[in-house]
Amino acid sequence: MSEAITSVLEENRSFEPPAGHQGYIPSLAAYEALKARFSDDFDGTWGDLAGQHLLWREPFTRVLNREKAPFFHWFEGGMLNVSENCLDRHVAAGLGKRTAIVWEGEAGQVRRISYTELLADVCRAANAMRELGIKAGDRVVIYMPMIPEAAVAMLACSRIGAIHSVVFGAFSSLALRDRIEDAGARLVITADGGSRRGAVYALKPNVDEALSEGCHTVRHVLLVRHGGNEVPTVPGRDIDWHQALNVQPAECEPLAVESEHPLFILYTSGSTGKPKGILHTTAGYLLWSRLTMCWSFDFNPAEDLFWCTADIGWITGHTYSVYGPLCCGGTTLMYEGVPTWPDAGRIWKICEDHAVSIFYTAPTAIRALIKAGDEWPAKYDLSSLRVLGTVGEPINPEAWMWYYRVIGKEKLPIVDTWWQTETGGHMIAPLPFATPTKPGSATLPLPGIDAAVVDEFGHTVIGDGGLLVLRQPWPSMLRGIWGDEKRYVDTYWRKFGSRYYFAGDGARIDEDGYFWIMGRVDDVLNVSGHRLGTMEIESALVSHHQVAEAAVVGRPDELKGEGICAFVVLKGEFTEGLAAALRAHVVSQIGAIARPDDIRFANSLPKTRSGKIMRRLLRDIAAGREITDDISTLEDQTVIEQLQQRV
């Protein structure tokens with residue numbers, strides 16, 4: 001970016017945190033005091049927290065090793081086990097009867113699994129994997145629906161020191177094959193099928209197809225019978241999960257591993273080129289998972305039921321459906337199915353039925369629920385809720401306000417979190433009972449996180465937009481890209497000469513020090529020499545009373561360099577003159593330079609089954625290019641034809 005990002009959507013509303021509640025960090029003064037501790041003794045403060053919050057077999061002797069930067073090492077000399085921290089320690093503390101996982105299927109079936117039961121299942125799975133020859137350091141690919149067995153498989157891998165790589169169940173056989181081959185996996189754990197919109201979708205055939213075209217490192221496939229659909233099996237290779245576990249003992253000694261032992265590889269979702277396997281290690285990742293559960297959500301494991309709606313195929317599901325809640329000794333809810341099936345009240349019915357107290361979902365889901373209408377949440381008792389969260393992308397101010405007003409009844413804190421697969425956990429987020437919030441802002445960096453907005457030369461900028469960077473290492477940071485050290489350095493550290501981690505996002509900091517995430521730098525448009533953040537144009541569109549959701553991308557323009565193309569989902573019916581009215585509304589909110597050149601309407605935006613907008617696909621549509629992206633994960637492929645129509 002050669003110029004500052006100049007568009008600034010005016011947003012002056014501010015909301016004080018709810019009074020009368022003492023959170024883990026109870027006030028801004030306490031937040032500043034903890035920040036000061038990090039400033040005075042960075043390594044010592046991290047060391048104190050790691051000693052307090054994790055169970056160690058052998059204590060660490062060095063908190064942070066910077067000698068091989070940017071390949072930082074944390075808590076050197078320490079030995080521990082993730083599974084033991086998430087299960088055994090709680091059972092030993094007398095919490096074995098506490099529910100660890102509440103699972104609900106799309107058809108309404110419910111399972112409640114205690115810590116004692118979960119520990120036994122994990123031990124049996126770990127023993128079964130060992131019997132198949134899986135040992136510490138081996139890679140295991142998990143390709144599953146959102147069922148408890150997926151969490152069991154993850155924890156069983158960590159128990160024996162194997163490295164898991166969860167692949168989202170909607171990915172194609174080709175994407176699965178690429179990830180299996182890149183990881184060099186020896187075992188695949190999958191299911192016959194999963195539930196979606198009242199039907200069963202098959203998973204095992206994708207595994208068979210992937211393995212038929214390569215993946216020569218794979219020796220066995222563990223198959224969970226869940227969907228009830230008929231699938232072929234390969235004798236000698238495919239093993240029934242339940243039969244394998246039933247003959248195993250319910251005890252398995254957890255293997256103590258070094259702090260930097262790899263825990264998992266998670267591939268970022270790219271449709272072209274070599275997959276990018278983000279590597280996370282043991283101690284630092286687990287510590288930050290636990291701390292952010294406490295700090296960001298004020299999680300009380302004895303009382304709260306936590307629901308993160310993300311699939312475990314994504315980092316959000318790893319950290320905030322599995323490892324974070326379980327390391328704290330609390331209860332996590334898993335739901336398999338579409339959150340709007342059989343109707344738009346499903347999410348709220350689940351919240352009522354299970355008395356969910358902390359609810360964490362994506363802005364895309366919130367906007368879809370807005371479109372469905374306020375009458376759906378009004379049908380259900382949501383009084384159990386006490387903290388609301390958002391994740392995955394910046395939330396439009398008007399969507400934030402709907403969440404605050406309709407779901408939170410103007411009483412609940414909204415935790416708008418900024419982080420990435422690479423960061424392992426939250427980096428910028430409000431403390432629910434300490435930080436005043438502003439609609440659309442992720443607010444302030446968490447204690448111990450040194451975030452800044454800089455220009456191309458690394459100089460700090462305030463007010464104007466710039467590049468979001470992190471100036472100090474943190475425990476849960478990625479330790480590299482699997483098998484490609486050069487790509488890791490080039491992608492995240494090269495831009496500023498290894499001084500700063502470059503997140504790839506644009507942002508600005510306001511006069512109160514609050515961070516406003518403007519989206520990926522790739523999503524910043526250059527219109528007639530002016531830099532415009534797509535997020536702010538989207539927010540301007542969504543602030544119009546007839547718009548439920550919007551996505552903005554650039555398209556080639558001979559005169560301006562880039563034109564602005566907006567894709568819009570309406571709350572009601574399309575009316576003549578609406579496109580012109582929306583253009584005028586954007587001009588009134590931002591200025592004439594942000595006026596959309598094209599506006600296209602559809603019943604929905606193209607999203608993956610995890611709820612992420614497929615922006616590369618939108619760029620191809622806007623530019624009139626042939627669609628080459630893999631659209632196998634697209635929720636509704638009929639929207640493509642609608643979005644190709646200009647208004």
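Helices, in the sense used here, are DSSP runs of H or I with at least four residues, and strands are DSSP runs of E with at least two, both numbered from the N terminus. The model under discussion is a predicted one. On that basis, the stretch from residue 31 to residue 86 is 48% helix and 18% strand, with 27 Å between its end C-alpha atoms. For these residues, an unreviewed UniProt entry records the feature "domain: Acetyl-coenzyme A synthetase N-terminal".

Two local backbone features fall in this part of the chain. The peptide bond leading from Ala-69 to Pro-70 is cis, its omega being near 10°. Pro-70 belongs to the loop that joins β1 (62-65) to β2 (73-76). Strand β2 itself contains Phe-75, a residue that is not a glycine and yet has a positive phi of about 55°.

At the level of the whole protein chain, the domain assignment yields domain 1 (45-288) and domain 2 (528-644). The centres of domain 1 and domain 2, taken over C-alpha atoms, are separated by 38 Å.

The packing of helices may now be followed along the chain, beginning with α4 and α5. Helix α4 (residues 115-131) packs against helix α5 (residues 148-160) at an angle of about 65°, and their axes are 8 Å apart. The crossing of this pair, α4 and α5, is right-handed. On the α4 side, the contact is made by Leu-118, Leu-119, Asp-121, Val-122, Cys-123, Ala-125, Ala-126, Met-129 and Arg-130, while α5 contributes Val-152, Ala-153, Leu-155, Ala-156, Cys-157, Arg-159 and Ile-160. Sorted by class, the contact of α4 with α5 comprises 13 nonpolar and three charged residues, with no polar ones.

A further pair is formed by helix α9 (residues 282-297) and helix α10 (residues 315-328), whose axes come within 8 Å and cross at roughly 85°. Because angles of 65 to 115 degrees count as roughly perpendicular, α9 and α10 are described as roughly perpendicular to each other. Residues of α9 that make the contact include Tyr-285, Leu-286, Arg-290 and Phe-297, and those of α10 include Ile-315, His-318, Tyr-323 and Cys-328. The contact of α9 with α10 divides into 11 nonpolar residues, five polar and one charged.

Beyond α10, another cis peptide bond is found, from Trp-341 to Pro-342, with omega near 5°. The loop between β17 (331-335) and α11 (346-354) holds Pro-342.

The last helix pair considered here consists of α16 (residues 534-542) and α17 (residues 578-589). Their packing angle is about 120°, and their axes lie 9 Å apart. The angle makes α16 oblique to α17, and α16 passes α17 in a right-handed crossing. Helix α16 takes part through Ile-537, Ala-540 and Leu-541, and helix α17 through Leu-582, His-585, Val-586 and Gln-589. In terms of class, the contact of α16 with α17 has five nonpolar and two polar residues, and no charged ones.

Conventions:
Residues are numbered from 1 along each chain as its sequence is written. This is a predicted model: local features need pLDDT of at least 70, side-chain atom pairs count only at pLDDT 80 or more; totals for chains, interfaces and linings use all residues. Side-chain values use heavy atoms; hydrogens and water are left out. Axes are lines fitted to C-alpha atoms, for helices over the stretch in contact, and angles run from 0 to 180 degrees between N-to-C directions. Angles under 35 degrees count as roughly parallel, over 145 as roughly antiparallel, 65 to 115 as roughly perpendicular and the rest as oblique. A crossing is left-handed if the near helix is turned anticlockwise from the far one by less than a right angle, and right-handed if clockwise. Contact means heavy atoms within 4.5 Å. Ala, Val, Leu, Ile, Met, Phe, Trp, Tyr, Cys and Pro count as nonpolar, Asp, Glu, Lys and Arg as charged, and the others, Gly among them, as polar. Domain bounds come from an automatic or database domain assignment. UniProt positions are given in the numbering used here, feature names are shortened, and annotations may be inferred rather than shown by experiment.
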